[in-house]
Amino acid sequence: MDAYILWLIVGFVLLIAEILSLTFFLLWLALGAFAGAIAAWLAPDSFLIQALAGVVVAGVLTVFTRPLTRKLRKSGKGYEDAIDRLVGQQGIVIEDIDAGKTGIVKVGGETWSATSDEPLRKDDTVIIIRRGTAQVEVQKWGGTR
């Protein structure tokens with residue numbers, strides 16, 4: 001059996017193992033094996049060149065993966081929940097909110113449970129100052145904090 005076929009078999013086995021493990025480390029080894037297959041096709045009698053090609057490709061990919069992923073992570077804004085965008089928006093009280101108690105406000109087309117440090121009456125204009133997981137904290141529009 002030709003050496004390049006062995007390298008291809010090793011590469012495909014590593015590729016399948018990568019698909020099952022999702023580590024990215026085996027992917028680089030698989031690509032190194034494919035580089036070894038190309039080297040074996042070009043230089044069938046030199047195992048040293050084949051092995052060196054595989055090791056160099058896998059090593060370079062492994063070394064440069066970390067800086068590349070750091071750069072990609074910093075460039076993205078990341079996940080932002082819809083409730084995060086509520087802070088600073090204006091709303092209308094649709095159910096009275098007593099100080100320290102829960103009421104309901106309408107922000108855009110959605111209604112939210114809301115709390116406030118001050119009593120707010122129906123139809124008061126409010127601003128969202130803080131968010132929780134299921135409710136928001138509001139204060140009267142134009143109020144100080």
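Through how many residues does a hairpin join strand 4 to strand 5? In this predicted model, the connection between strand 4 and strand 5 is a hairpin of three residues, and the two strands that it joins pair in the antiparallel sense over five bridges. Within this pairing, isoleucine 127 has glutamine 139 of strand 5 as its bridge partner.

The hairpin belongs to a closed barrel of five strands, which runs in the order 1-2-3-5-4 and has mixed pairing. From one strand to the next, the twist averages 55 degrees. Strand 1, comprising residues 90-95, pairs with strand 2, comprising residues 102-107, in the antiparallel sense over three bridges, and glutamate 95 stands opposite isoleucine 104 of strand 2. A parallel pairing is found between strand 3 and strand 5 (residues 135-140), where three bridges are present and where threonine 115 stands opposite glutamate 137 of strand 5. Strand 5 is thus paired in the parallel sense with strand 3 and in the antiparallel sense with strand 4.

Valine 136, which is found in strand 5, has a relative accessibility of 2% and therefore counts as buried, the cut-off for this class being under 20%. The C-alpha atom of valine 136 is separated by 9.6 Å from that of threonine 102, although the two residues are 34 residues apart along the chain. A contrasting environment is provided by aspartate 123, located in the loop between strand 3 (110-115) and strand 4 (125-131). Aspartate 123 has a relative accessibility of 55% and so counts as exposed, and its phi is positive, at about 75 degrees, although the residue is not a glycine.

The helical part of the chain may be considered next. Helix 2, which covers residues 25-42 and has 18 residues, reaches 26 Å from its first C-alpha to its last, close to the 26 Å expected at 1.5 Å a residue. Among the buried residues of helix 2 are Leu27, Trp28 and Phe34, together with several alanines, including Ala30, Ala33, Ala35 and Ala37, and the glycines Gly32 and Gly36. Ala39 and Ala40 are also buried residues of helix 2. In an α-helix, residues three or four places apart point the same way, because there are 3.6 residues a turn.

One of these buried residues, tryptophan 28, takes part in a polar contact of 2.7 Å between its side chain and the side chain of threonine 65. Threonine 65 lies in helix 3, and a polar atom of its side chain is also placed 2.4 Å from the backbone oxygen of leucine 61.

As to aromatic contacts, the count comes to two pairs. Tryptophan 7 and phenylalanine 47 form a stacked pair, with 6.3 Å from centre to centre and 25 degrees between the planes. Because tryptophan 7 lies in helix 1 (residues 3-21) and phenylalanine 47 in helix 3 (residues 47-75), this pair ties together parts that are 40 residues apart in sequence. The partners have unlike surroundings, since tryptophan 7 counts as buried at 18% relative accessibility, whereas phenylalanine 47, at 58%, counts as exposed. Phenylalanine 12 and phenylalanine 34 form an edge-to-face pair, for which the centres are 5.2 Å apart and the angle between the planes is 65 degrees. Phenylalanine 12 is in helix 1 and phenylalanine 34 in helix 2, so that parts 22 residues apart in sequence are tied together by the pair. Phenylalanine 12 is partly exposed, with a relative accessible area of 47%, while phenylalanine 34 counts as buried at 19% relative accessibility.

The helical segments may finally be set against the record. The UniProt annotation "transmembrane region", taken from an unreviewed entry, covers residues 12-41 and 47-65. In the model, the span of residues 12-41 is 90% helix and 0% strand, and its end C-alpha atoms lie 17 Å apart. The span of residues 47-65 is 100% helix and 0% strand, with its end C-alpha atoms 27 Å apart.

Notes: Residues numbered from 1 in each chain as written. Predicted model: local features only at pLDDT ≥ 70, side-chain atom pairs only at ≥ 80, totals over all residues. Heavy atoms only, no water. Helix = DSSP H or I, 4+ residues; strand = E, 2+ residues; numbered from the N terminus. Expected span 1.5 Å × (residues − 1). Buried < 20%, exposed > 50% of the residue type's maximum accessible area, 1.4 Å probe, protein only. Phe/Tyr/Trp six-rings, centres within 6.5 Å; stacked < 30°, edge-to-face > 60°. Pairing = 2+ DSSP bridges. Axes fitted to C-alpha atoms, helices over the stretch in contact; angles between N-to-C directions. UniProt positions renumbered as here; feature names shortened; annotations may be inferred. Polar contact = N/O pair within 3.5 Å; in protein donor to acceptor, adjacent residues only side chain to side chain.
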